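Trainee: I have a structure open on my screen and would like to learn how to read it. Could you take me through a few features?

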Amino acid sequence: MKVGIVGATGYSGEVLVKLLLAHPRVTLAAVTSRSQAGKPLASVIPSVRGADRGLKFTDSDPAALAAGDIALFFLALPHGAAATYARALVAAGKRVIDLSADFRIAELATYQRYYGEHHAPELLPSARFVLPELTPPAWKQEAKIVAAPGCYPTSVLVPLVPLLKANVITREHIVVNSYSGVSGAGRKVDEMYLYVERAESTKAYGLVKHRHLAEIEEQLALHTGAKTIIQFNPHLAPMRRGIATTITVPAAAGATIEKLYAAWHGTYADRPFVQVLPSGETPDTAHVVGTNRIDLSAVHDPRTGNFVITSAEDNLMKGASGQAVQIMNLWCGYEETAGLV
């Protein structure tokens with residue numbers, strides 16, 4: 001199957017290029033970039049020299065892409081821009097996997113509150129948010145557009161959803177502290193992201209109303225059947241890649257660490273990209289970077305009555321491009337692990 005990437009020069013786009021060039025079941029047939037149009041792929045992403053198949057960047061023209069023979073497109077674009085391409089591609093019968101936020105929020109009013117105007121609201125009913133380990137499989141037949149989850153939401157939803165469904169934790173007083181590598185902000189020139197500004201520096205940002213909060217709380221409600229409000233505190237950490245998340249939540253009455261782990265094992269026993277670590281063995285971003293894996297663990301604090309849950313993932317893999325390829329594999333009937341580690 002031929003696939004294409006719209007917006008292939010950002011960090012997630014570059015990771016997608018590498019994954020798809022090496023994928024055993026698809027052929028990367030188009031990479032687009034308005035700023036790099038006409039340039040050889042290997043001159044812009046030198047790490048793919050010798051494996052680039054002679055590809056060159058083409059202009060990102062929605063009508064031209066829709067008219068070609070490529071069956072599936074990944075949109076590695078900022079929110080707002082992705083919706084414009086999705087409209088043209090879906091109308092032409094193409095499958096679309098969107099890595100932006102444009103189709104992650106089901107409620108239009110919620111999207112507008114966090115992101116502003118939506119440029120293709122008529123497509124929202126045909127879009128599906130897919131976190132492969134948690135979303136019921138009916139999406140494979142229903143979806144015309146798949147929204148790949150955000151990096152922070154993946155690190156929060158994978159640990160929390162099974163525990164809320166099993167009534168192991170309370171819905172109140174959930175506090176989430178997450179730390180992201182600088183690549184999570186995307187490839188852009190901004191003083192805040194200069195090396196001398198970020199090295200030896202960690203800071204909180206986006207407090208109270210980070211955009212990913214809308215996605216997290218909507219999905220918690222959809223998966224568990226009740227409104228769930230969390231305190232989400234994102235931080236920028238002095239590392240290139242990775243997300244480390246710590247969740248503090250009161251244990252439900254009668255809940256034990258054994259019941260917590262039973263809920264996780266029951267949900268993720270056969271899922272290749274979720275690793276449940278023993279209680280007390282804390283996940284480390286250094287062990288997941290470059291993989292499509294998310295590692296989880298938890299401990300119980302008898303002094304406070306809280307569970308302290310930790311997760312770690314690569315924000316550009318399980319938090320973006322790797323998860324998008326995992327979604328493609330499932331949507332197209334390939335092995336879930338094809339092209340991924």
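Trainee: Which residue does Tyr179 stand opposite in β11?

Mentor: This is a predicted model, so please read everything here as computed. Strands of a sheet pair through backbone hydrogen bonds, either parallel or antiparallel. Here, Tyr179 stands opposite Ala244 in β11. The two strands involved, β8 and β11 (residues 243-250), pair in the antiparallel sense over six bridges.

Trainee: In which sense do β8 and β10 pair?

Mentor: β8 and β10 (residues 230-236) pair in the parallel sense, over seven bridges. Tyr179 stands opposite His235 in β10, and Ser178 stands opposite Pro234. His235 is also the bridge partner of Ala204. That second link belongs to the pairing of β9 and β10, which is antiparallel and has two bridges.

Trainee: How many residues of β10 are buried?

Mentor: Six of the seven residues in β10 are buried, so we call the strand mostly covered.

Trainee: And where do the side chains of β8 point?

Mentor: Follow β8 (residues 174-180) one residue at a time and you will see the side chains alternate. Ile174, Val176, Ser178 and Ser180 point to one face and are buried. Val175, Asn177 and Tyr179 point to the other face and are not buried.

Trainee: Let's try the loops. Which loop holds Asn167?

Mentor: Asn167 lies in the loop between α7 (151-165) and β8. Look at its backbone: phi is positive, about 55 degrees, although Asn167 is not a glycine.

Trainee: Is Asn167 buried or exposed?

Mentor: Exposed, because its relative accessibility is 58% and the cut-off for that word is over 50%. Val208 can be read in the same way. This residue is found in the loop between β9 (203-204) and α9 (212-224), and it has a positive phi of about 80 degrees without being a glycine. With a relative accessible area of 65%, Val208 counts as exposed.

Trainee: Now a sheet. In what order do the seven strands of the open sheet come?

Mentor: Trace them as β3-β2-β1-β4-β5-β7-β6, with parallel pairing. β3 (57-58) and β6 (127-129) stand at the edges, and each has a single partner strand, so one side of each is left without a neighbour in the sheet. For one pair inside that order, take β1 (residues 2-6) and β2 (residues 27-32): they pair in the parallel sense over five bridges, and Val6 stands opposite Thr32.

Trainee: Which strands does helix α4 lie across?

Mentor: Helix α4 (residues 81-91) lies across β1, β4 (72-75), β5 (95-98) and β7 (145-147). Its direction is at about 170 degrees to β4.

Trainee: How should I read two helices together, and at what angle do α1 and α11 cross?

Mentor: Begin with the axes, then turn to the residues in contact. The axes of α1 (residues 11-21) and α11 (residues 321-331) come within 9 Å and cross at roughly 45 degrees. That angle makes α1 oblique to α11. The crossing is right-handed. On α1, the contact is made by Ser12, Val15, Leu16, Leu19 and Leu20, and on α11 by Ser321, Gly322, Val325 and Met328.

Trainee: How many nonpolar, polar and charged residues does that contact have?

Mentor: The contact of α1 with α11 has six nonpolar residues, three polar ones and no charged ones.

Technical notes
Residues are numbered from 1 along each chain as its sequence is written. This is a predicted model: local features need pLDDT of at least 70, side-chain atom pairs count only at pLDDT 80 or more; totals for chains, interfaces and linings use all residues. Side-chain values use heavy atoms; hydrogens and water are left out. Buried means under 20% relative accessible area, exposed over 50%, partly exposed in between (1.4 Å probe, protein chains only). Helices (H or I, at least four residues) and strands (E, at least two) are DSSP runs, numbered from the N terminus. Two strands pair if DSSP finds at least two bridges between them. Axes are lines fitted to C-alpha atoms, for helices over the stretch in contact, and angles run from 0 to 180 degrees between N-to-C directions. Angles under 35 degrees count as roughly parallel, over 145 as roughly antiparallel, 65 to 115 as roughly perpendicular and the rest as oblique. A crossing is left-handed if the near helix is turned anticlockwise from the far one by less than a right angle, and right-handed if clockwise. Contact means heavy atoms within 4.5 Å. Ala, Val, Leu, Ile, Met, Phe, Trp, Tyr, Cys and Pro count as nonpolar, Asp, Glu, Lys and Arg as charged, and the others, Gly among them, as polar.
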